[in-house]
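Me: I am new to this structure and should like a close look at one part of it. Please choose a suitable place to begin, and explain in a connected account how that part and its surroundings are arranged.

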Amino acid sequence: MIITGTGTGVGKTIAAAALGWAWQQPVLKPLQTGDDDDAAVIEKFSGVSGATYRRYPDPLAPNLAAARAGMAQADRDEVGQWISDYRAEHGVCLVEGAGGLLVRLGTDRKGREFTVLDLAKDLGEKIVVVTSTGLGSLNMAELTVRAADAADIEVAGLIGGALPENPDLATSLNLQELPRVTGTNLWFSLPTGIGESSPEEFRACVDKLGVPMFHTVAGLQ
């Protein structure tokens, strides 16, 4: 299952950590840009180790970060094979994308750019969409789900990346509207600031969120 977002900074990494903890599965971060270390953050909160395939210095889309650094573009087949090889050795794992569904990750052997959506196609994966919850979120969430639907990629569920303790009117209505406009269940929303808590506090909070069972989401029961 691939975890993507409606954009950058919507809480995708913390949501990935929540799923990693709830499902006890490692989360791979194929392409990391900038000074962040999402795999380390996920391991800190979930207690489950993952891995990163390639890092680029600038906090940009991976294809642009590679170009600016004079580094080779990530190869579509090689990224997919790296994920498959990890699973063959370690078992089921989750994959965190970079930014949103159509962010360019690198190129294929013919020099054509590929996206998180393409990676989901290659792996035959369902996706989980992490969305903001405030004003403007409905549009971004619906566009993301529509793009996945158009490519015959199943969206397993939505996760609210950050929910204020006292949500405003727009946010309160969005929580009701997100499932309706996207046709996809909103599994849960993470409290704003949960990423500043201790691992123990984080896990206790996630345990109370009602995260769906992995086997149910994956259609295994």
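Reply: Helices (H or I, at least four residues) and strands (E, at least two) are DSSP runs, numbered from the N terminus. The model is predicted, so that local features need pLDDT of at least 70 and side-chain atom pairs count only at pLDDT 80 or more, while totals for chains, interfaces and linings use all residues. Residues are numbered from 1 along each chain as its sequence is written, and side-chain values use heavy atoms, with hydrogens and water left out.

A loop residue offers a starting point. Glu154 lies in the loop that runs between α6 (137-150) and β9 (155-163). Its relative accessibility is 46%, and Glu154 therefore counts as partly exposed (buried means under 20% relative accessible area, exposed over 50%, and partly exposed in between, with a 1.4 Å probe and protein chains only). Once its neighbours within four places in sequence are set aside, Glu154 is in contact with Lys126 and Ile127; contact here means heavy atoms within 4.5 Å. Although Lys126 and Glu154 are 28 residues apart in sequence, their C-alpha atoms are 5.0 Å apart in space.

The account now turns to a strand. In β5 (residues 94-100), seven of the seven residues are buried, so this strand is largely enclosed by the rest of the structure. Strand β1 (residues 2-5) pairs with β5 in the parallel sense over three bridges, where two strands pair if DSSP finds at least two bridges between them. Gly5 has Gly100 of β5 as its bridge partner. Strand β2 (residues 27-33) also pairs with β5 in the parallel sense, over two bridges, and Leu28 stands opposite Val95 of β5.

Strands β2 and β5 also take part in covering a helix, α3 (residues 62-69). Its buried residues are Pro62, Asn63, Ala65 and Ala66. Viewed down the axis of α3, these fall within an arc of 165°, so they line one face of the helix; the arc is that of the directions from the helix axis to the C-beta atoms. Ala67 and Arg68, on the other side of α3, are exposed. The cover over the buried residues of α3 includes β2, β3 (51-56), β5, β6 (104-107) and β7 (113-115). Just after the helix, Gly70 takes a positive phi of about 70°.

Two of the strands that cover α3 belong to an open sheet of three strands, which has the order β4-β6-β7 and mixed pairing. At its edges stand β4 (74-75) and β7, each with a single partner strand, so one side of each is left without a neighbour in the sheet. Strands β6 and β7 run antiparallel and are joined by three bridges, and Gly106 stands opposite Phe114 in β7. Helix α3 packs on this sheet, touching β6 and β7, and its direction makes about 55° with that of β6 (axes are lines fitted to C-alpha atoms, for helices over the stretch in contact, and angles run from 0 to 180 degrees between N-to-C directions). Helix α5 (residues 116-123) likewise packs on the sheet and touches β6 and β7; its direction makes about 75° with that of β7.

Charged side chains complete the picture. A search of the whole structure finds 14 salt bridges, a salt bridge being a side-chain nitrogen of Lys or Arg within 4 Å of a carboxyl oxygen of Asp or Glu. Asp38 and Lys29 meet in one of them, at 3.1 Å from N to O, and both residues are buried. Lys29 and Asp38 are also linked with Lys12 and Glu96 in a network of salt bridges.

Asp37 forms a salt bridge with Arg55, with the closest N and O atoms 3.5 Å apart. Asp37 lies in the loop between β2 and α2 (38-46) and Arg55 in strand β3, so the pair ties together parts that are 18 residues apart in sequence. Asp37 is partly exposed, with a relative accessible area of 29%, and Arg55 is partly exposed at 42%.

A further salt bridge joins Arg180 and Glu177, whose closest N and O atoms are 2.6 Å apart. Both residues lie in helix α7 (residues 169-182), three residues apart, which is about one turn of the helix. Arg180 is exposed, with a relative accessible area of 60%, whereas Glu177 is partly exposed, at 25%.
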